[in-house]
Amino acid sequence: MGDLSQVPPDFLTALGALRRATCRAELKLEEIPAPTRLAPYAVSLGAEVLAPGPAGPTSLHGPAALQIPEQLELATGRFILLHDPAGSPVWNGTFRIVTYIRAELESDMGNDQLLGSVAWTWLVEALEEHGAPYSLAGGTATRVLSESYGTLEGRDDSIDIELRASWTPAGADVQSHLEAWSDMVCTFAGLPPLPDGVTPLPGRRRS
């Protein structure tokens, strides 16, 4: 972020809290470019959960190496922490967390009318499970149907569930918020075990 002496102390505290977060080993988490227009200060993390692939390095090269199946992406997500030292009446605070999670499901689950409410329940329960205080949570759950035609008509139809949400953390100590969110990404990916009380969403696509 350049000259840290110009960064507000509360935001530095929040960055330190994010670094202390303990996330599941299945989750690949890395910093990505943050939005510049939503708040004076922001940090963004990208996450993905991949199905287990070939174990260990391979000595194959050229066309033979291309025959090794790629790891299947089970879920992806973004976690964005915004900070405005002046505060925001919309946020009712100086911090706001904005998130996005997407996962592919079995196509026959797309007509389940409870799909969106289950996904939203995961957010609330994950925050409560980790003791992450928050307010003004809101979001949308969307089912995305992908159908293939023409030269691609042999592909199976697919259904994705997308959850876009935001909430206001109680302060700069956002460690538990990132840990809750990272567990939720793994839950979207269908990875056991689920925390006590979390409603399972059936039918992850695996192939």
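**Exercise 1. Starting from the accessibility of Arg102, trace the salt bridges that this residue takes part in.**

At 24% relative accessibility, Arg102 counts as partly exposed, where buried means under 20% relative accessible area, exposed over 50% and partly exposed in between, with a 1.4 Å probe and protein chains only. The model is predicted, so local features need pLDDT of at least 70 and side-chain atom pairs count only at pLDDT 80 or more, whereas totals for chains, interfaces and linings use all residues. Residues are numbered from 1 along each chain as its sequence is written, and side-chain values use heavy atoms, with hydrogens and water left out.

Step 1. A salt bridge is a side-chain nitrogen of Lys or Arg within 4 Å of a carboxyl oxygen of Asp or Glu, and by this rule the count comes to five.

Step 2. The side chain of Arg102 meets that of Asp160 in a salt bridge at 2.5 Å, N to O. Because Asp160 lies in strand 6 and Arg102 in strand 4, this pair ties together parts that are 58 residues apart in sequence; helices (H or I, at least four residues) and strands (E, at least two) are DSSP runs, numbered from the N terminus. Asp160 is buried, with a relative accessible area of 10%.

Step 3. Arg102 also forms a salt bridge with Glu162, at 2.3 Å, N to O. Here Arg102 lies in strand 4 and Glu162 in strand 6, so the pair ties together parts that are 60 residues apart in sequence. Glu162 is buried, its relative accessible area being 8%.

Step 4. Glu162 meets Arg164 in a further salt bridge, at 3.7 Å, N to O, and Arg164 is partly exposed at 41% relative accessible area. Through shared partners, the salt bridges join Arg102, Asp160, Glu162 and Arg164 into one network.

**Exercise 2. Classify the aromatic pair of Trp122 and Phe188, and place these residues in the fold.**

Step 1. Rings of Phe, Tyr and Trp (its six-membered ring) pair if their centres lie within 6.5 Å, and planes under 30 degrees apart count as stacked, over 60 as edge-to-face and the rest as tilted. The structure holds three such aromatic pairs.

Step 2. The ring centres of Trp122 and Phe188 are 4.7 Å apart and the planes stand at 75 degrees, so the pair is edge-to-face.

Step 3. Since Trp122 lies in helix 3 (residues 115-129) and Phe188 in helix 4 (residues 175-188), the pair ties together parts that are 66 residues apart in sequence. Both Trp122 and Phe188 are buried.

**Exercise 3. Describe the nonpolar cores and identify what supplies the largest one.**

Step 1. A nonpolar core is a set of buried Ala, Val, Leu, Ile, Met, Phe, Trp, Tyr and Cys residues joined through side-chain atoms within 4.5 Å. The largest has 44 residues, and those with the most contacts inside it are Val49, Phe79, Leu81, Trp181, Met184 and Phe188.

Step 2. Helix 1 (9-20), strand 2 (41-50), strand 3 (73-88), strand 4 (93-105), helix 3, strand 6 (158-169) and helix 4 each supply at least two residues of this core. Helix 4 gives the largest share, seven residues.

Step 3. A second, separate core of five residues includes Ala39, Ile80, Leu82 and Trp91.

**Exercise 4. Set out the overall architecture of the protein.**

Step 1. The protein has four helices and six strands, which follow the pattern α-β-β-α-β-β-α-β-β-α along the sequence.

Step 2. Of its 207 residues, 40% are buried.
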